[in-house]
Amino acid sequence: MDDFYRDEILEHYRHPHNKGRLEQPDITYEDHNPFCGDRIGIDLLIKDNRVADVRFWGQGCAISQASASMLTDEIKGMTLDEVKTLNKDDILDLLGIPIGPVRLKCALLSLKALKAGVWGMDKWPDEE
Ligand code: ZN
């Protein structure tokens, strides 16, 4: 594993961005990954069809939590149309390291929760 990206992931895991809850979210959704036990919940504030603010909470392995931290950074300010096009490859780009099949669900849990919360797309992003 590339040291730079591994350090990035550990840094996000130890000091996650956007962790917590919003006071009055427009959308709240919580999901889990039965393969690893990870849990991620997402709160979204939507204004003018954009993600005005976002928080996540939960617990689990470093990949699942770092991915949520990076994804929530990424979507802040995006339009919902832009968010809808995010897929498995975007998450893997953010993480920057090869993710094996066992860890793939960990990496994709936050995107799954996001899409399920906004559009009711209750599918794993690698199975769309
Ligand atoms: Zn995991």
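## Buried, and what sits there

A residue is called buried when its relative accessible area is under 20%, and exposed when that area is over 50%. C106 has a relative accessible area of 1%, so this cysteine is buried. Keep in mind that we're looking at a predicted model. C106 is a good place to start, as its SG is one of the atoms that coordinate the zinc ion.

## The zinc site

What coordinates the zinc ion? The sulfurs (SG) of C36, C61 and C106 do, together with D38, which is listed twice through OD, and the distances run from 2.2 to 2.6 Å. Along the chain, the donors follow the spacing C-x1-D-x22-C-x44-C. Two of these cysteines tie together distant parts of the chain: C61 comes from the loop between β3 and α2, C106 comes from helix α5, and 45 residues separate them.

Is C61 buried or exposed? Its relative accessibility is 14%, so C61 counts as buried. C106, at 1%, is buried too. As for D38, this zinc ligand is also the bridge partner, in β2, of N33.

## The sheet

Now for the strands. There are 3 of them in an open sheet, ordered β1-β2-β3 and paired antiparallel. Which strands sit at the edges? They are β1 (27–33) and β3 (50–59), each of which pairs on one side only. Going from one strand to the next, the twist averages 20°.

On one side of β2 (residues 38–47), 7 bridges join this strand to β1, and the two run antiparallel. Y29 is placed opposite I42 of β2. The β1–β2 connection is a hairpin with 4 residues between the strands, and G37 in its turn has a positive phi of about 95°.

How many bridges join β2 to β3? The count is 9, again with the strands running antiparallel. Two of the facing positions are easy to pick out: L44 stands opposite V54 in β3, and R39 stands opposite Q59 in β3. These strands form a hairpin as well, with 2 residues between them.

## Helices on the sheet

Helix α2 (residues 62–75) packs on the sheet and touches β2 and β3, with its direction at about 170° to that of β3. Helix α5 (residues 101–119) packs on the sheet too, but touches β1 and β2, and its direction makes about 150° with that of β1.

For a look inside α2, try S67, which is found in that helix. Its relative accessible area is 2%, so S67 is buried. Which residues does S67 touch, leaving aside those up to four places away in sequence? They are I91, L95, A107 and S110.

## Positive phi values

Here's a bit of backbone background. Most residues other than glycine have a negative phi. N18 goes the other way, with a positive phi near 60°. It lies in the loop between α1 and β1, and its relative accessibility of 12% is why N18 counts as buried.

D48 is another non-glycine residue with a positive phi, here near 50°. D48 is found in the loop between β2 and β3, in the turn of their hairpin. Is D48 buried or exposed? Its relative accessible area is 76%, so D48 is exposed.

## Rings, charges and one end of the chain

How many aromatic pairs are there if ring centres have to lie within 6.5 Å? The count comes to 0. Rings do turn up under charges, though. The charged end of R21 sits over the ring of W57, at 3.4 Å from its centre. K112 has its charged end over the ring of W124, 5.0 Å from the centre of that ring.

Last up is F4, in helix α1 (residues 3–14). With a relative accessibility of 52%, F4 counts as exposed, because the cut-off for that class is over 50%. How far apart are F4 and L44 in sequence and in space? They are 40 residues apart in sequence and 30 Å apart in space, C-alpha to C-alpha.

How values were computed: Residues numbered from 1 in each chain as written. Predicted model: local features only at pLDDT ≥ 70, side-chain atom pairs only at ≥ 80, totals over all residues. Heavy atoms only, no water. Pairing = 2+ DSSP bridges. Axes fitted to C-alpha atoms, helices over the stretch in contact; angles between N-to-C directions. Contact = heavy atoms within 4.5 Å. Donors = N, O, S within 2.8 Å, 3.2 Å for Na, K, Ca; no water. Buried < 20%, exposed > 50% of the residue type's maximum accessible area, 1.4 Å probe, protein only. Phe/Tyr/Trp six-rings, centres within 6.5 Å; stacked < 30°, edge-to-face > 60°. Lys NZ or Arg CZ within 6 Å of the ring centre and 35° of its normal.
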